[in-house]
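Visitor: Please show me the model, and then let me ask why certain terms are applied to it.

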Amino acid sequence: MADSDGRQVDSINHSTEEDVKLQEVVQAKCEGKELTKEEKQRLRKEKKQHKKNKKDDRGPPEKEKEKEKASVLAPSKPATQSPAHKAPVPVNASASESPVAAEKPAKSKAEQRAERRARQDTERASKQGKKEGGQQSASSKPKATPNELQPVVKRLPEHIQVDDPAALKKLAKKLERQQVPLRSDYGYKVSLFSHLHQYSRKNPPTQQISIPATVIHPSIVRLGLQYSQGIIAGSNARSVALLHAFKQVIQDYSTPPNEELSRDLVNKLSPYISFLSQCRPLSASMGNAIKHIKKEISNIPSQCKEEEAKRRLQECIDSYINEKIILASEAISKYAIEKISDGDVILVYGCSSLVNHILCEAFEKQRKFRVIVVDSRPRLEGREALRRLVKKGIRCTYVLISALSYILPEVSKVFLGAHALLANGYVMSRVGTSQIALVAKAYNVPVLVCCETYKFCERVQTDSFVSNELDDPDDLIVTRNGKTHLENWQTVKSLGLLNLVYDVTPPDFVDLVITDLGMIPCTSVPVVLRVKNVDQ
Amino acid sequence: LDEYLRIREDPDVASAVAAIRSLLEFLKREQSETILGLRENMTKAIHRLEETDSSVAVSSGGELFLRFISLTSLEHPDLSQCKNVMIERGELFLKKISLSRGKVGKLCHTFIKDGAKILTHSSSRVVLKVLENAAADNKRFTVYVTESQPDSAGKLMAQKLCNLNIPVTVVLDAAVGYIMEKVDLVIVGAEGVVESGGVINKIGTYQMAVCSKAHNKPFYVVAESFKFVRLYPLNQQDVPDRFKYKADILKTVKDLNQEHPMIDYTPPSLITLLFTDLGVLTPSAVSDELIKLYL
């Protein structure tokens with residue numbers, strides 16, 4: 001039978017310890033043990049199936065119940081479940097139909113759990129035993145079709161599905177299992193952006209964590225708080241802080257007995273990452289860094305001693321920071337300085353650590369230029385950039401973004417930093433960047449974007465709505481004079497405050513992208529991604 | 001060096017090819033002991049060539065040649081063996097690029113339809129080859145050539161086309177806007193193809209491109225692959241001076257503002273397609289090819 005064959009495949013494919021874990025989870029419902037992603041997914045799926053089939057015919061579940069009764073009687077070890085299933089299935093399948101129809105009692109908890117387990121197994125079987133095709137029994141067909149649909153549909157990232165209650169519930173359950181506090185949204189959200197989270201800075205996520213936190217490492221808690229309060233801002237700074245915190249985590253980590261470092265450490269990192277994304281949604285650069293670390297961890301050979309492995313991981317993190325961030329900025333400055341000629345008037349927006357570095361280097365190399373710093377509310381990051389440049393001795397002018405078309409005729413080049421570069425050539429950066437690129441294009445001023453390659457991401461986006469970040473709307477309340485007319489904005493039903501963080505700039509407005517690999521046109525980003533993947 | 005000047009006399013050979021051939025001769029004759037010395041000598045030779053004839057093609061050809069021969073894993077302990085390997089590769093490279101013009105011609109002539117009116121700028125051997133192929137294919141078309149001052153290269157081109165029995169008219173550089181409504185397509189050669197997908201060509205190409213964009217006529221560029229160069233100009237000012245003016249002028253004249261540049265830069269947004277021996281490319285694909293070549 002297809003089921004038994006599938007299960008055979010299962011017992012070969014899955015290690016026994018994972019099956020043991022599955023059973024434990026199913027039997028002790030909300031124990032909060034850590035599970036792998038597959039198991040959670042499977043659990044969620046079969047719970048959905050369970051609800052769906054409650055409305056469907058009773059026949060199939062009861063057949064399963066019969067199967068499970070036989071297995072429950074048998075010893076609970078999963079290895080023996082397979083032969084136990086093999087025997088009762090052909091026997092009971094036909095015999096159980098008629099007598100079962102008579103009994104429709106309220107199912108006991110054990111039976112429900114058993115049903116769920118069996119359904120899970122059939123799903124696994126139907127997914128993996130697809131070659132055995134036609135052998136599938138009629139009962140597994142209604143379950144098989146929704147299964148086959150599910151792997152085809154790609155799942156959207158959770159942070160952009162806030163208006164979907166099912167996704168929210170899933171997220172809440174996942175966080176509960178990981179013992180990560182769930183942050184609630186604050187205030188009225190503008191309808192176009194209702195699919196994004198909007199948090200208030202006054203309610204940090206750490207309020208709900210008990211001290212001492214058992215699941216989340218204290219350096220991660222500190223990092224999360226720094227993110228949510230805006231103490232660490234800017235994609236390079238955030239990535240570097242994240243990697244340092246991970247170094248600390250690895251330092252304090254000790255492998256529990258009967259566990260492998262490579263698998264367990266990755267599992268340990270998942271609740272940290274959920275926690276950090278609750279504090280502030282992860283940036284593309286952070287995502288790439290995490291992917292890299294996870295890959296390194298899982299590549300650690302199992303016979304490696306713990307001390308050795310930890311040392312190796314720390315070295316790997318250090319080299320990542322050094323190569324992708326520090327040395328990359330050196331290489332980018334080298335290329336960018338070729339593009340700065342004497343007498344240039346350079347426009348910069350906001351505070352990008354990379355652009356500031358380039359300008360400081362160029363100034364040291366005795367290039368004669370002056371800088372116009374454009375700034376915007378409510379973050380007013382340009383002031384920080386202004387401070388750094390003036391300290392170096394560079395001649396600067398400071399304007400707000402509303403004066404952009406006034407000063408642009410004087411400008412010879414525009415230098416912009418980027419938060420991420422998307423696979424279709426779009427540049428994702430601080431809100432206001434696309435406005436600057438648009439106006440610069442209209443005045444025929446070349447726009448140069450500086451971005452390290454580790455910020456390149458595989459995502460594709462054509463507008464700023466689908467995936468963005470909403471900052472605390474209370475930031476918009478305070479004006480220059482300190483008067484707060486909007487203090488009671490929550491009481492006015494028709495008023496919404498929108499504080500966007502990012503926007504996307506199309507590649508036609510960008511003339512040149514300077515990366516550590518060299519100068520490339522904006523349309524060549526997917527080529528670089530492809531070359532990088534081939535290297536790795 | 002004399003070798004180079006001698007080869008240059010041959011009108012059918014592109015300056016870059018001549019440069020590469022002379023570099024090969026140099027390689028055969030030079031006497032250095034170490035690989036580093038060899039490389040240094042080669043770079044010096046390339047600089048000397050650039051000084052005599054400052055064109056983009058020479059610099060790109062030289063750089064590509066150097067890359068091509070030194071890309072081999074030079075594990076041979078014996079220097080003379082190494083040199084032989086390099087010379088072999090050099091010959092191979094030379095052979096490949098001599099064939100490239102033919103390849104481009106074959107690719108492009110299918111885009112010329114019967115009864116077409118073509119506009120071209122100044123004198124380019126590649127465009128000539130393309131038109132030759134099209135004529136051999138029994139297609140009827142007329143050609144308008146701009147005079148292309150200050151060296152009147154357009155007249156030379158017209159002469160050559162006449163010899164091929166193609167009806168040709170010479171127009172003033174200033175008449176490009178006037179003639180644009182009559183033509184069906186514009187084909188120009190290139191001295192260099194830059195990383196952004198734009199081209200560097202004889203002065204006057206840029207305005208022809210702008211005009212053709214305004215009239216919605218396709219603007220085609222034909223170039224061999226050895227003309228790809230690692231420059232990325234943002235605008236006309238950004239093209240380095242050593243390419244804009246002839247080498248002897250650079251050495252003698254102090255105030256360059258009085259001189260007229262010989263080349264200009266056409267940005268990729270104005271170019272429809274590029275025909276190269278690597279295939280028919282869009283301007284954004286040029287960067288793709290360059291990344292493959294250089295990375």
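Guide: What follows sets computed values against the definitions behind them. This is a predicted model, in which local features need pLDDT of at least 70, side-chain atom pairs count only at pLDDT 80 or more, and totals for chains, interfaces and linings use all residues. Residues are numbered from 1 along each chain as its sequence is written, and side-chain values use heavy atoms, with hydrogens and water left out.

Visitor: Why is α11(A) called roughly antiparallel to α14(A)?

Guide: The axes of helix α11 (residues 235-252) and helix α14 (residues 306-339), both of chain A, come within 9 Å and cross at roughly 170°. Angles over 145 degrees count as roughly antiparallel, and therefore α11(A) is roughly antiparallel to α14(A). Among the residues making this contact (heavy atoms within 4.5 Å) are A:Phe246 of α11(A) and A:Tyr320 of α14(A).

Visitor: What makes the meeting of A:Lys339 and B:Asp238 a salt bridge?

Guide: The term asks for a side-chain nitrogen of Lys or Arg within 4 Å of a carboxyl oxygen of Asp or Glu; the side chains of A:Lys339 and B:Asp238 meet at 3.1 Å, N to O, and so satisfy it. The count between chain A and chain B is two salt bridges.

Visitor: What area do chain A and chain B bury between them?

Guide: Buried area is the accessible area (1.4 Å probe) that two parts lose on being put together, summed over both; for chain A and chain B that comes to about 1,200 Å², 61% of it on carbon and sulfur atoms. In chain A, the residues losing the most area to chain B are A:Lys339, A:Met519 and A:Pro521, together 32% of what that side buries.

Notes:
Chains are lettered from A and ligands numbered from 1 in the order in which they are written. Axes are lines fitted to C-alpha atoms, for helices over the stretch in contact, and angles run from 0 to 180 degrees between N-to-C directions. Helices (H or I, at least four residues) and strands (E, at least two) are DSSP runs, numbered from the N terminus. Angles under 35 degrees count as roughly parallel, over 145 as roughly antiparallel, 65 to 115 as roughly perpendicular and the rest as oblique.
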